Amino acid sequence: MHVSLWEWAILGVIVVALIAVDLFGHVRRAHEPTLGEAARWTAFYVSLAIIFGVMTYLRHGGVFATEYFAGYLTEYSLSLDNIFVFIIIIAAFRVPRIYQQKVLLYGIIIALVLRLIFILIGAKLIEQFIWVFFIFGAWMLYTAIKQVIDGIEEGRKRKAHEDDAGEEYEPTLVTRLVSRVANVTDGYVGDRLVVRRAGKTWITPLMLCIITVGTIDLMFALDSIPAIFGLTREPFIVFAANAFALLGLRQLFFLVDGLLERLIYLHYGLAVILGFIAVKLLVHAFHGYDMLTAISEPSIGVSVGVILGTIFITVVASIIGSRRYAGQETAADKVASIEPRERHEPSIGDPDDTPAPTDE
């Protein structure tokens, strides 16, 4: 696949333009998106991703377009799992509903930068060393097994009517370091990230939450980047699929956060997808050393069929199975009900013994 510089430029302009629209059109005016607004913007981002796939078909042919759609579907599915963690983090920081858009958008910007770096490194590695596919495949297999374990654990808690909203969150190393070395206000100051108080610069819990959401995506990137490289070797397709999946994540959060935890079998569905990609990666790696050549590597058409079929079965089974838990309050329900109070206990770390500073 030969990608011209102008194609990268156009993709970059699209990504920057969409971020600018969100920054100056949505996040600048703090508000809680309505269900209709979230639905319209989610449909817009999905439509944009589909249009990009059609343009890829017209420009580069059916094989690369199919690789793109397979990658996009995989990244979008993994994004749903990301939202689970975002809900836990936002609940732990008790971010008011009207400020949650800002947390998600800035977190997505950080994630895009980190993933671009990962993609460029990953592309260079697989271009030079075939053994990298063994590592990617083994990691995907481990991740698939972990998804099954997480699904079993969540099922156990669901049956026991346990509520762990906000309790499973543990600050990342970066978040702990920042909270120790920086002055952190003891409450939210509107939607501000940094304030000046008593001649010093203070960061707010909102800034800490953004740092956490952004850095936690390092963990997600370790799963999603090897997964999509199992479907395509083209950095352009990998980044495009990641970009369109992530850019629509903010509105998807508000569209499905109340319904997301009804996808009770999502972990098992992701385990099937990641397990399939793991096998595909390992077979490709063995073929590179003329081993196991009797086993055919699944084609991209088969890959799309497996991904679509798994998503469909997972959603249908979850809708049917979740009826028995319809009355339970979820973490998403609590996140959606957080009031915009400006003063409360610190969202992270131990309370400071010194009195809170006063605004200058």
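This is a short chat about a surface patch and the cavities in a predicted model.

Visitor: Hi! Where does I117 lie?
Guide: Happy to help. In this predicted model, I117 is in helix α4, which covers residues 100–128.

Visitor: And is I117 buried or exposed?
Guide: Neither, quite: I117 counts as partly exposed because its relative accessibility is 43%, and the partly exposed class runs between the 20% and 50% cut-offs.

Visitor: What about V113?
Guide: V113 also belongs to helix α4. With a relative accessible area of 48%, V113 is partly exposed.

Visitor: Which residues form the nonpolar patch on the surface?
Guide: The patch consists of V113, I117, I121, L125, F129, W131, I135, Y289, M291, L292 and I295. Together they have about 990 Å² of accessible area.

Visitor: Which element gives the largest share of that patch?
Guide: That would be α4, with 4 residues.

Visitor: Back to I117 for a second. How far is its C-alpha atom from that of F239?
Guide: The two C-alpha atoms are separated by 10.0 Å, while I117 and F239 are 122 residues apart along the chain.

Visitor: New topic: how many cavities of 30 Å³ or more are there?
Guide: The count comes to 2. The largest cavity holds about 50 Å³ of space.

Visitor: Which residues line the largest cavity?
Guide: Its lining is made up of L78, D81, N82, Q147, F220, D223 and S224. Helices α3 (62–93) and α7 (205–229) are the elements that each give two or more residues to this lining.

Visitor: How many of the lining residues are nonpolar, polar and charged?
Guide: For the largest cavity, the lining has 3 polar, 2 nonpolar and 2 charged residues.

Terms used: Residues are numbered from 1 along each chain as its sequence is written. This is a predicted model: local features need pLDDT of at least 70, side-chain atom pairs count only at pLDDT 80 or more; totals for chains, interfaces and linings use all residues. Side-chain values use heavy atoms; hydrogens and water are left out. Buried means under 20% relative accessible area, exposed over 50%, partly exposed in between (1.4 Å probe, protein chains only). Patches are made of residues with over 30% relative accessible area and no salt bridge: like charges are joined within 9 Å, nonpolar side chains (Val, Leu, Ile, Met, Phe, Trp, Tyr) within 5 Å. Accessible areas come from the Shrake-Rupley method with a 1.4 Å probe; for residues, only the protein chains shown count as cover. A salt bridge is a side-chain nitrogen of Lys or Arg within 4 Å of a carboxyl oxygen of Asp or Glu. On a 1 Å grid over the protein atoms alone, a cavity is a set of points where a 1.4 Å probe fits but cannot get out, and a pocket is an open set with protein on both sides within 12 Å along at least five of seven lines; lining residues have an atom within 4 Å of a point. Grid points are joined across faces, edges and corners, and a volume is the space filled by probe spheres set on the points. Ala, Val, Leu, Ile, Met, Phe, Trp, Tyr, Cys and Pro count as nonpolar, Asp, Glu, Lys and Arg as charged, and the others, Gly among them, as polar.
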